[in-house]
Amino acid sequence: MKVCCRAPGKTIWFGEHFVVKGIPAIASSVDLYVRTYVEPCKDDKIKFWSKSLEKGFIYGEKEPDEKLLPFKRILDLISNRYGELPSMKITIDSDIPISYGLGSSAASSISFAAAVLKYIGEEPTTALIKELSMEAEKIVHGKPSGIDTAISLHGGFIYYLGPHDIRPLNAKWIDEYTLLVIGTGITRNTGLVVRKVLERYERFPTIMKRIYDAAKEISLIAKSLTTIGEWDKIGELMNINHGLLVSIGVAIPETERIIHNSLRLGALGAKISGAGLGGIVIVLSRKKDKDIIVNGLMSFSNEIIEVKPGVPGLECSVKN
Ligand code: MEV
């Protein structure tokens, strides 16, 4: 038997960081994937290999590299629940750049947990996958809001109010528009960036509260605009949301150069997506303006990807 599970990456359109304090956020999946394959292993072992990290481990033998600890954690949790695991060869492969803000760690945990569960004959229910991947995410992010896990698992567009209140958004994506993901080339640790923002909140709570209230209002308005496909206005809201992200301290010259130039070249909206302090910028534009924007951004980034938002979440296939 060979199992393959794939989970998509994500972009946060509105509300990153604010969501950590309970403000609603809007996210969509994108058509970049992490795929986990599980098949029989000839030796009597559980072998894991990550193609993108070029690292692996044999479960139960010496402690894996730090970057692979989330996968070991998931295997521990599954074997605690279902007893000793059979031998298997697990391989993970990813289109999603790591530590960028595209949700690679959540998509990895989700596809990994689902594939292992399927292989041992257990149903990867939404509740179980969420629980396992959140435990793995804690190793990477400290105290995640859960939005990355939610969007990769559910796919589409979501209005996210917390792990227990995830509302699918019936977004009306129109093909006349396009979404670009622009890498800054700078990777960072989400947990550390989240902590920095929370420290600013503690230093200036009265000011920060107003910024968070404005973020809430943006998400509320954007929610109805996505369902009626008012993408020009959504672009404008992205710009306002970015202003708030600058205020909370997650912008750097590299993100600002990309954003200012995208807008100068005709984009409707451009903002940091994810934790910031590097990572990615998302740019919403009309398709007809895409080439001019992409050409103009080439001197600021060598990672420009056109993505399709709102693709389905976790999907698995089994071949006997
Ligand atoms: C990271 O993709 C989004 C943050 O809001 C952190 C989180 O929600 O866990 C920065």
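Begin by selecting K10 together with the ligand: in this predicted model, a polar atom in the side chain of K10 lies 3.0 Å from an oxygen atom of the ligand. Keep the ligand on screen and add S145, where a polar side-chain atom is found 2.5 Å from a ligand oxygen atom. Then add D148, whose side chain has an N or O atom 3.0 Å from an oxygen atom of the ligand. With these contacts in view, switch on the surface of the ligand, which taken alone exposes 290 Å², and consider that the protein buries 97% of that area.

Next, widen the selection to the residues around the ligand, which are K10, I12, E16, H17, V19, V20, P144, S145, I147, D148, V194 and A275. If you colour this shell by class, it divides into 7 nonpolar, 2 polar and 3 charged residues. Turning to the cartoon, look for strand 1 (2–14) and helix 4 (147–154), each of which supplies at least two residues of the shell.

Where does the ligand sit in relation to the pockets? The space that the ligand takes is the largest pocket, and about 890 Å³ of space lies in that pocket. Its lining is made up of 46 residues, and to find the centre you can select S99, S105, V140, H141 and T190, which are the closest to it.

Finally, show the elements that form the walls: strand 1, helix 1 (69–82), strand 5 (88–94), helix 2 (104–119), helix 3 (126–141), helix 4 and helix 5 (190–203) each supply at least two residues of the lining of the largest pocket. Among these, highlight helix 3, which gives the most to the lining, with 6 residues. Coloured by class, the lining of the largest pocket shows 20 nonpolar, 18 polar and 8 charged residues.

Terms used: Residues are numbered from 1 along each chain as its sequence is written. This is a predicted model: local features need pLDDT of at least 70, side-chain atom pairs count only at pLDDT 80 or more; totals for chains, interfaces and linings use all residues. Side-chain values use heavy atoms; hydrogens and water are left out. A residue is near a molecule or strand if one of its heavy atoms lies within 4 Å of it. A polar contact is a pair of N or O atoms within 3.5 Å; within protein, one must be able to donate a hydrogen and the other to accept it, and residues adjacent in sequence count only if both atoms are side-chain atoms. Accessible areas come from the Shrake-Rupley method with a 1.4 Å probe; for residues, only the protein chains shown count as cover. On a 1 Å grid over the protein atoms alone, a cavity is a set of points where a 1.4 Å probe fits but cannot get out, and a pocket is an open set with protein on both sides within 12 Å along at least five of seven lines; lining residues have an atom within 4 Å of a point. A molecule sits in a cavity or pocket if more than half of its atoms lie within 2 Å of its grid points. Helices (H or I, at least four residues) and strands (E, at least two) are DSSP runs, numbered from the N terminus. Ala, Val, Leu, Ile, Met, Phe, Trp, Tyr, Cys and Pro count as nonpolar, Asp, Glu, Lys and Arg as charged, and the others, Gly among them, as polar. Grid points are joined across faces, edges and corners, and a volume is the space filled by probe spheres set on the points.
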